Amino acid sequence: RSFVYLLITVLIFPFQSIKFKKANLKIDKSISRIIVIKKLIKKINNQDLNYLELGCDLDQTFSQIDLKNKIGVDPVRGGNIRKTADNFFKVNTKEFDIIFIDGSHLIEDVHNDVINSLKFLKEGGYVLLDDVLPVYELFTLRRRVTLKSHQDAYKIIFLLNQIKNIEFYYLPYDHGLGLIKVNKKLNDLNFHINYGDFTFSDYLDNLKKTKMINISNL
């Protein structure tokens, strides 16, 4: 299947500008999510902090996090808890300092993961999101047809714009990261958003208003 995705990407990409839009930004792939997570761990400066990762796959990230209190949730493989994120949160009682969300990139799943994560995030904690800063509209189709795919996870910004007492920043690294910092314990998180109302063009407009942060300023 990966070969098919690669072939389609090679065939379509030269013509993507005819139909699809492109963001005017550059992603620095030399700085990985692991580097960002370790920077956040150092910032909190507590080796007893609680770390949660949603979507572990082959443990490319999870295995690199050197903490004793870490939980990795994946329904298929990786991590140390074999459940869906929704089922994990139904029984979870623990609060976390850092949560990394890298599960399904369909917006309804990202929405649920973000809401659930914020409910169990400590005040002053961080949620790191993967694949929310796409450069090419071609890679944001809900049905994956290319080797590189963000699907429509980027639309989560339209939820975050409505939540008070948080800070949100884009980090132009890895596959395009987003960072949520909670300044005050959140209570009212009942948001119902029609994500179908938002387009890649709306996302491009929003990019002009959302702060892009350098890792050195974390």
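Right, one bit of vocabulary before we start: I'm counting Ala, Val, Leu, Ile, Met, Phe, Trp, Tyr, Cys and Pro as nonpolar, Asp, Glu, Lys and Arg as charged, and the others, Gly among them, as polar. And keep in mind throughout that what you see up there is a predicted model.

Let me go over the chain as a whole. We've got seven helices and six strands, and if you walk along the sequence they come as α-α-α-β-β-α-β-α-β-α-β-β-α. There are 218 residues, and 51% of them are buried. Take the contacts between residues at least 6 apart in sequence: 68% of those join residues at least 24 apart. On the outside, the accessible surface is about 11300 Å², with carbon and sulfur atoms accounting for 50% of it.

Now, the empty space. Rolling a water-sized probe over the atoms is how you find where space is left. What's the volume of the largest pocket? About 830 Å³. Its lining has 32 residues, and the ones closest to the centre are Gly55, Asp102, Gly103, Ser104 and His105. By class, that lining splits into 14 charged, 11 polar and seven nonpolar residues. Strand E1, at 51-54, helix H4, at 85-91, and helix H5, at 107-119, each put in at least two residues. H5 has the largest share, with three.

Then there's a second largest pocket, at about 200 Å³. Here 13 residues make up the lining, and nearest the centre you'll find Ile27, Lys29, Val135, Tyr136 and Lys148. The classes here are seven nonpolar, four charged and two polar.

What about enclosed space? There's one cavity of 30 Å³ or more, and the largest cavity comes in at about 40 Å³. Lining it are Ile101, Asp102, Ser104, His105, Val110, Leu129, Asp130, Val132 and Ala153. You'll recognise Asp102, Ser104 and His105: they line this cavity, and they're also among the residues closest to the centre of the largest pocket. Going by class, the cavity lining is five nonpolar, two polar and two charged residues.

Over to helix H7, residues 200-207. Which of its residues are buried? Phe200, Tyr203, Leu204, Asn206 and Leu207. Looking down the helix axis, these buried residues sit within an arc of 160°, so they line one face of H7. That's the helix geometry you all know: with 3.6 residues a turn, residues three or four places apart point the same way. As for what covers the buried residues of H7, that includes helix H6, at 157-160, and strand E5, at 166-171.

Last up, two backbone oddities. Asn45 isn't a glycine, but its phi is positive, near 60°. Asn45 sits in the loop between helix H3, at 33-44, and E1. Is Asn45 buried or exposed? Exposed, because its relative accessible area is 65%, and the cut-off for exposed is over 50%.

The other one is Gln151, again not a glycine, with a positive phi of about 50°. You'll find Gln151 in the loop between strand E4, at 121-129, and H6. Gln151 has a relative accessibility of 17%, so it counts as buried; buried means under 20%. That leaves us with two positive-phi residues, Asn45 out in the open as an exposed residue and Gln151 as a buried one.

That's my tour; over to you.

How values were computed:
Residues are numbered from 1 along each chain as its sequence is written. This is a predicted model: local features need pLDDT of at least 70, side-chain atom pairs count only at pLDDT 80 or more; totals for chains, interfaces and linings use all residues. Side-chain values use heavy atoms; hydrogens and water are left out. On a 1 Å grid over the protein atoms alone, a cavity is a set of points where a 1.4 Å probe fits but cannot get out, and a pocket is an open set with protein on both sides within 12 Å along at least five of seven lines; lining residues have an atom within 4 Å of a point. Grid points are joined across faces, edges and corners, and a volume is the space filled by probe spheres set on the points. Helices (H or I, at least four residues) and strands (E, at least two) are DSSP runs, numbered from the N terminus. Buried means under 20% relative accessible area, exposed over 50%, partly exposed in between (1.4 Å probe, protein chains only). Contact means heavy atoms within 4.5 Å. Accessible areas come from the Shrake-Rupley method with a 1.4 Å probe; for residues, only the protein chains shown count as cover. The arc is that of the directions from the helix axis to the C-beta atoms.
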